[in-house]
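Here is a friendly walk through the strands and surface charge of a single model. Keep the view open as you read.

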Amino acid sequence: MLGKCFGDDSDVVDGIAWASGLSVPGVPANPTPAQVINLSFGEQGECAPAYQQVITSAFAHGVTRAIVASAGNDRVDVANNTPSNCPGVISVGATTSAGGRTSYSNFGAMMTISAPGGDTFAHFDGWGINFAHQGAQIFVSWFTYDLTGKAWWLVMSAGRTAHRVYTGTLFQGTGPSFDAVPFPPLGSPGGAAGLPVGNGTLAFTDADNGTFTYTVHGIAQTKAITRETFGPLPACAFGAQVNLALASNYQDLWWAAPAGSEAGWGINLAHEADTIFATWYIYDHDHTPMWLVTTAVKSGVSSYTGDLIRLSSGPPFNSVPFPAIGSPGGATGSVVGTATLSFFDGNSGTFSYTVDGIAQSKSITREIFNSPGTVCH
């Protein structure tokens, strides 16, 4: 229907008309009108009168039984996406293999049906940096790739050194494999250990933008950074709630409960609306750093579920330029299982997961490194 440069609304209208067997000026008649017409595209806006007119005419012509359209991949209400919001159109959203809504799919009461979507990994960035900000201190988890291209993470406790500036030492970790039972204590034989590999400085120009300057193994670089949003941002404040159980948003750094019982790993939760983007930093069976991500959508009153994706390789952290996902040398990963976050209150819950067929569940709680911590709502 449309070429590589897309087309105009008039092209879409003519395409629907021709496919349904209606007459289109200057085009031979369609000898085999379609019973089902699929429109795998969409754009923001109301259902245009021309769309509604041709859709109504297509059904009235008597052959076409269904017109199906993509709900859209903008993470907004499908009521704002056309032509899927036109009356009579079957609007189709996307789900993960676990049955929850994908991070990119539109949603809403006008959604007719959802089905498994495309490659979930394609909707994640190739690297990221998480912040747990409590008072004058930021705990940083940087997810990237080492000089050999292997997935790698570094952590840093950065203290405020000037207005909107935070500085600290970057550590590389080794530790027990993710499925170790029991999980050896920090510093014990087989327990997690950290090795300083450099330093980093965060300098923010505003609440959403800044720079990340670092030296790792003698390599110095600066990256411009911006906040990644996938929904309405929560309002967060340090010390606003002493009783963390009363927090209404789960955004924070979490670890095994009781606090400190499995020091050496953590899970960062970015909670926006009914979606939690979680980054889990842990260790592989060879005790080297490993990180996994999930976009978990609300699946119950206080539960969030999604595919668990392991990032296996990517461009070394110092790559310039940094290749895009899917391009030669770009980051690669695959779905290795599922994850479910279930919360009892604002400070306690469980993290249940399956990784390569290994199923486990851990009690988790917020990690407070500067009392009473930061809570969001």
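Which residue is the bridge partner of Leu341 in β21? In this predicted model, Leu341 has Phe351 as its bridge partner. The two strands behind that pair, β20 (residues 332-345) and β21 (residues 348-355), run antiparallel and are joined by eight bridges.

Both strands belong to a barrel, which eight strands close in the order β15-β16-β17-β18-β19-β20-β21-β22 with antiparallel pairing. From one strand to the next, the twist averages 30°.

Now turn to the open sheet. Seven strands build it in the order β7-β8-β9-β10-β11-β12-β13, and the pairing is antiparallel here too. The edges are taken by β7 (128-134) and β13 (219-226); each has a single partner strand, so one side of each is left without a neighbour in the sheet. In this open sheet the twist averages 25° from one strand to the next. Within the sheet, Trp142 stands opposite Leu154 in β9.

The two strand pairs can be set side by side:

| Strand | Joined to | Bridges | Direction |
|---|---|---|---|
| β20 (residues 332-345) | β21 (residues 348-355) | eight bridges | antiparallel |
| β8 (residues 137-145) | β9 (residues 151-162) | nine bridges | antiparallel |

As a general reminder, strands of a sheet pair through backbone hydrogen bonds, either parallel or antiparallel.

Finally, have a look at the surface. Asp8, Asp9, Asp11, Asp14 and Glu43 form a negative patch there. Helix α1 (residues 9-20) gives the largest share of this patch, three residues, while Glu43 has its place in strand β2 (residues 43-44).

Notes: Residues are numbered from 1 along each chain as its sequence is written. This is a predicted model: local features need pLDDT of at least 70, side-chain atom pairs count only at pLDDT 80 or more; totals for chains, interfaces and linings use all residues. Side-chain values use heavy atoms; hydrogens and water are left out. Two strands pair if DSSP finds at least two bridges between them. Helices (H or I, at least four residues) and strands (E, at least two) are DSSP runs, numbered from the N terminus. Axes are lines fitted to C-alpha atoms, for helices over the stretch in contact, and angles run from 0 to 180 degrees between N-to-C directions. Patches are made of residues with over 30% relative accessible area and no salt bridge: like charges are joined within 9 Å, nonpolar side chains (Val, Leu, Ile, Met, Phe, Trp, Tyr) within 5 Å. Accessible areas come from the Shrake-Rupley method with a 1.4 Å probe; for residues, only the protein chains shown count as cover. A salt bridge is a side-chain nitrogen of Lys or Arg within 4 Å of a carboxyl oxygen of Asp or Glu. Lys and Arg count as positive and Asp and Glu as negative; His and the chain ends are not counted. The place of a charge is taken as NZ of Lys, CZ of Arg, CG of Asp or CD of Glu.
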